[in-house]
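Colleague: I would like a close look at one part of this model. Please take the ligand site, and then set it in the context of the fold around it.

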Amino acid sequence: MTDAIKKTLRDSAGARWFVLILVSVTMLIAYTFMEVLSPLQTLIQSTYGWSGTDWGLVTGAQGYLNVFAFMLIFSGIVLDKMGIKFTAIGSGLVMIFGAIVKYYAFAHNFEIGSTIIGIDSRVFVSATGFAIFCVGAEGAGITVSRIIVKWFKGREMALAMGTEMALARLGSFLALFGSPRIADAFSIPTAVLVGTIALCIGLILFIVYCLMDVRLDKQIEDEAEEEEPFKISDLGVIIKSKGFWYIAILCLLFYSAVFPFYKFSSGLMVNKFGIDPSTAGDIPSILPFGTILLTPLFGFIYDKYGKGASIMILGAVLLVIVHTIFYIPALTATWVAIFAVVLLGIAFSLVPSAMWPSVPKIIPDKQLGSAYALIFYVQNIGLMLVPILLGVVLDKTNPGVNEKTESAILNFRAEGIPANEISAKVQALREAGDIPMFDYSSTWLIFVGLTILATVFGFLLKAEDRKKGYGLELPNIEK
Ligand SMILES: NCCCC[C@H](NC(=O)[C@@H](N)CCCCN)C(=O)O
């Protein structure tokens with residue numbers, strides 16, 4: 001009788017997994033929108049005459065507000081002060097607003113040569129939209145982590161986190177595979193519009209989740225608060241931990257060598273491996289696809305057999321090999337690109353599956369929310385700076401290519417060629433050798449450097465684990 005009274009919604013496996021699917025599908029959509037432009041790099045550069053620096057400015061916008069305006073820390077505070085429901089719906093709305101701004105950037109006919117604070121108007125508006133969207137997306141990411149803890153703590157939490165990440169990867173895959181096809185069949189703005197409409201569906205799913213959350217809250221209102229509210233002093237406790245810094249810096253270095261890969265890989269495929277721009281996202285799209293099965297699998301292995309720090313080191317070493325393969329100028333065969341992306345998929349499953357469940361072994365439960373927010377913050381510094389650096393290095397090491405592309409675009413416009421045909425004409429000039437291909441080799445050395453440093457921090461983390469006894473090498477499931 002008493003047991004029956006105490007049973008809550010989260011005791012039902014069906015309800016728990018339904019909740020997980022609701023919030024994970026919203027994250028899937030958010031990750032889709034995050035990569036919607038990634039496979040269109042060459043198409044966008046030859047349609048709008050963007051330089052590598054312009055491309056880096058837009059794709060690096062993830063961190064402008066999250067880092068400089070401390071929006072990520074703010075989102076963490078809002079989550080702890082205002083709760084899951086407020087932050088879920090708020091972040092959903094912010095994502096949609098940012099997406100609309102980004103859609104406007106591509107749908108609007110900006111005057112040729114017009115600038116905002118010295119930056120090309122379309123680049124500026126697009127970067128602004130993406131920066132706003134990313135405030136919502138990262139806020140949603142923290143909120144979903146909190147939701148998973150709320151519903152799965154003491155149950156299948158690692159599997160739930162792995163499943164959420166797997167669905168997020170499916171979102172990246174959908175963007176890399178689908179976006180060039182939509183842009184090809186319709187237009188670049190249509191691809192952004194489809195992503196924006198999908199985000200509205202994501203918001204509806206968040207609202208449905210909130211109804212479940214209200215029901216659960218009514219059932220557990222007598223129970224003690226599960227997590228302490230955010231306090232600035234919590235940050236002090238976290239930042240004094242060496243282990244925390246090793247994992248946060250490893251996170252920055254590792255993710256900076258993976259997520260910016262999405263943004264620059266289609267350019268690499270076209271310019272180094274000779275892939276057609278309309279299918280430039282196909283080989284990179286293998287990356288998230290492979291991780292869909294492997295992330296939960298490696299999570300399961302970590303849960304059962306341990307070796308968390310070793311798994312992270314193995315993932316980092318694999319990433320050094322992958323980026324070295326992409327760097328070596330002589331390796332230009334398509335199968336090499338496919339092989340390297342498959343290896344990258346394995347690395348991208350190994351590190352996250354061990355990294356995120358390791359944080360609770362280093363930081364006490366009480367400071368966990370703040371710790372995740374702070375790791376996201378550190379990580380966003382890399383996700384912002386690395387694409388900008390890549391764009392600048394790409395331009396500097398390919399003098400004259402942007403100028404030739406821009407002048408060809410201007411000539412085609414002057415001849416009255418419709419905007420949607422210009423990209424193909426520019427590509428024809430590149431294939432004929434009238435406009436040189438971009439050489440990505442020096443740019444790729446940045447990735448190689450990042451992955452070597454990530455490996456070093458993996459070893460430092462393992463040494464610190466041995467010293468402090470965090471238990472990173474032990475299984476998560478206690479026998
Ligand atoms: N429970 C933690 C899940 C984190 C998943 C992780 N996401 C991030 O680190 C985001 N801050 C960055 C997303 C950037 C996407 N371009 C992941 O592995 O996806």
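Modeller: What follows starts at the ligand and works outward through the domains, the core and a few single residues.

Bear in mind that this is a predicted model.

Start with the site. There are 14 residues around the ligand. Those that come nearest are Y31, E138, R169, Y255 and Q379. Three of these have polar pairs with the ligand to look at. For Y31, a side-chain N or O atom is 2.6 Å from an oxygen atom of the ligand. For R169, a polar side-chain atom also lies 2.6 Å from a ligand oxygen. E138 pairs with a nitrogen instead: an N or O atom of its side chain is 2.8 Å from a nitrogen atom of the ligand. How much of the ligand does the protein cover? On its own, the ligand has 510 Å² of accessible area, and the protein covers 98% of that.

Now the domains. The domain assignment gives two: domain 1 spans 10-217, and domain 2 is made of 236-398 + 438-478. Their centres, taken over C-alpha atoms, are separated by 20 Å. Across the boundary, 47 residues of domain 1 are in contact with 45 residues of domain 2.

The core comes next. The largest nonpolar core has 153 residues, and F133 and F326 have the most contacts inside it. Where does this core lie? It lies between the two domains, because domain 1 and domain 2 both give residues to it. Take F133 as a worked case. Leaving aside neighbours within four places in sequence, F133 is in contact with A30, F33, M34, V94, M95, G98, A99 and L199. Nonpolar side chains tend to be buried together in soluble globular proteins.

Helix α2 covers residues 13-34, and S24 lies in it. S24 is buried, at a relative accessible area of 0%. What does the polar side chain of S24 pair with? A polar atom of that side chain lies 2.6 Å from the backbone oxygen of L20. Outside the four-place window in sequence, S24 is in contact with E164 and L167.

Past α2, the loop between α2 and α3 holds L37. L37 counts as buried because its relative accessibility is 4%, under the 20% limit. L37 touches I44, W55, V58, K102, F106, S126 and V192, not counting residues up to four places away in sequence. V192 is 155 residues from L37 along the chain, yet their C-alpha atoms are separated by 7.7 Å.

W55 and V58 are among the buried residues of α4. This helix, residues 52-59, is mostly covered, with six of its eight residues buried. Besides those two, the buried residues are G52, D54, G56 and T59. They pack against α3, α5, α8, α13, α17 and α18.

Finally, two backbone angles to check. Most residues other than glycine have a negative phi. F70 is not a glycine, but has a positive phi of about 55 degrees. F70 is found in the loop between α5 and α6. With a relative accessible area of 47%, F70 is partly exposed. K307 is the other case: not a glycine, with a positive phi of about 70 degrees. K307 lies in the loop between α14 and α15. At 48% relative accessibility, K307 counts as partly exposed.

Definitions and conventions
Residues are numbered from 1 along each chain as its sequence is written. This is a predicted model: local features need pLDDT of at least 70, side-chain atom pairs count only at pLDDT 80 or more; totals for chains, interfaces and linings use all residues. Side-chain values use heavy atoms; hydrogens and water are left out. A nonpolar core is a set of buried Ala, Val, Leu, Ile, Met, Phe, Trp, Tyr and Cys residues joined through side-chain atoms within 4.5 Å. Buried means under 20% relative accessible area, exposed over 50%, partly exposed in between (1.4 Å probe, protein chains only). Domain bounds come from an automatic or database domain assignment. Contact means heavy atoms within 4.5 Å. A residue is near a molecule or strand if one of its heavy atoms lies within 4 Å of it. A polar contact is a pair of N or O atoms within 3.5 Å; within protein, one must be able to donate a hydrogen and the other to accept it, and residues adjacent in sequence count only if both atoms are side-chain atoms. Accessible areas come from the Shrake-Rupley method with a 1.4 Å probe; for residues, only the protein chains shown count as cover. Helices (H or I, at least four residues) and strands (E, at least two) are DSSP runs, numbered from the N terminus.
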